Amino acid sequence: MANEQNLKPVRTKREARERGRNGGKASGAVRRRKADFRRTLNMLLTAEIDSEEWKPVLEALGVECTLESALNMAMIKEAAVR
């Protein structure tokens, strides 16, 4: 985290360009990593489950038998108990 003690002033236009380029590359890498994470999480959550505990309950309610639905039902069940 930046603060007054660790900031280094830009001395030349070339240095400013290099820092901007490096910042842009780092930003792109972070955006790609976050996008990959979202795609993976979405793929996992939409995968069909074969849980003997949850599948009949989800089918009875008329919802998809996915991990996402099972997680939501588990959270609702836990909240209702409290």
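Buried means under 20% relative accessible area, exposed means over 50%, and partly exposed lies in between (1.4 Å probe, protein chains only). The model is predicted, so local features need pLDDT of at least 70 and side-chain atom pairs count only at pLDDT 80 or more, while totals for chains, interfaces and linings use all residues. Residues are numbered from 1 along each chain as its sequence is written, and side-chain values use heavy atoms, with hydrogens and water left out.

**View 1. The whole chain is 3 helices and 0 strands.**
Read from the N terminus, the elements go α-α-α; helices (H or I, at least four residues) and strands (E, at least two) are DSSP runs, numbered from the N terminus. The radius of gyration is 24 Å, well over the 12 Å that the globule rule gives for 82 residues, so the chain is more spread out than a compact globule. That radius is taken over C-alpha atoms, and the rule is 2.2 Å times the number of residues to the power 0.38. Along its principal axes, the C-alpha trace spans about 70 × 30 × 15 Å. Buried residues make up 12% of the 82 residues. Of the contacts (heavy atoms within 4.5 Å) with a separation of 6 or more, 5% join residues 24 or more positions apart. The chain exposes about 7,300 Å², with carbon and sulfur atoms supplying 57% of it; accessible areas come from the Shrake-Rupley method with a 1.4 Å probe, and for residues only the protein chains shown count as cover.

**View 2. Helix H1 covers residues 13-45.**
How far apart are the end C-alpha atoms of H1? They are 48 Å apart, which agrees with the 48 Å that its 33 residues should span at 1.5 Å a residue. The expected span is 1.5 Å times one less than the number of residues. Glu15, Gly28 and Ala35 are buried in this helix.

**View 3. Two salt bridges sit in H1, Arg14 to Glu18 and Glu15 to Arg19.**
A salt bridge here is a side-chain nitrogen of Lys or Arg within 4 Å of a carboxyl oxygen of Asp or Glu, and the whole structure has 5. Arg14 and Glu18 meet at 3.5 Å, N to O, and Glu15 and Arg19 at 2.9 Å. Arg14 and Glu18 are 4 residues apart, about one turn of the helix, and so are Glu15 and Arg19. An α-helix has 3.6 residues a turn, so residues three or four places apart point the same way. Arg14 counts as exposed at 57% relative accessibility, and Glu18 as partly exposed at 31%. Glu15 is buried at 19%, while its partner Arg19 is partly exposed at 35%.

**View 4. Asp50 pairs with Lys55 through a salt bridge.**
The closest N and O atoms of Asp50 and Lys55 are 3.4 Å apart. Asp50 is exposed at 65%, whereas Lys55 is partly exposed at 22%. Glu48 comes in too: salt bridges that share partners join Glu48, Asp50 and Lys55 into one network.

**View 5. The largest nonpolar core has 5 residues.**
Which residues make up the largest nonpolar core? They are Ile49, Trp54, Leu58, Cys65 and Ala70. Such a core is a set of buried Ala, Val, Leu, Ile, Met, Phe, Trp, Tyr and Cys residues joined through side-chain atoms within 4.5 Å. Leaving out residues up to four places away in sequence, Leu58 touches Ile49, Val63, Glu64, Cys65, Thr66, Ser69, Ala70 and Met73.
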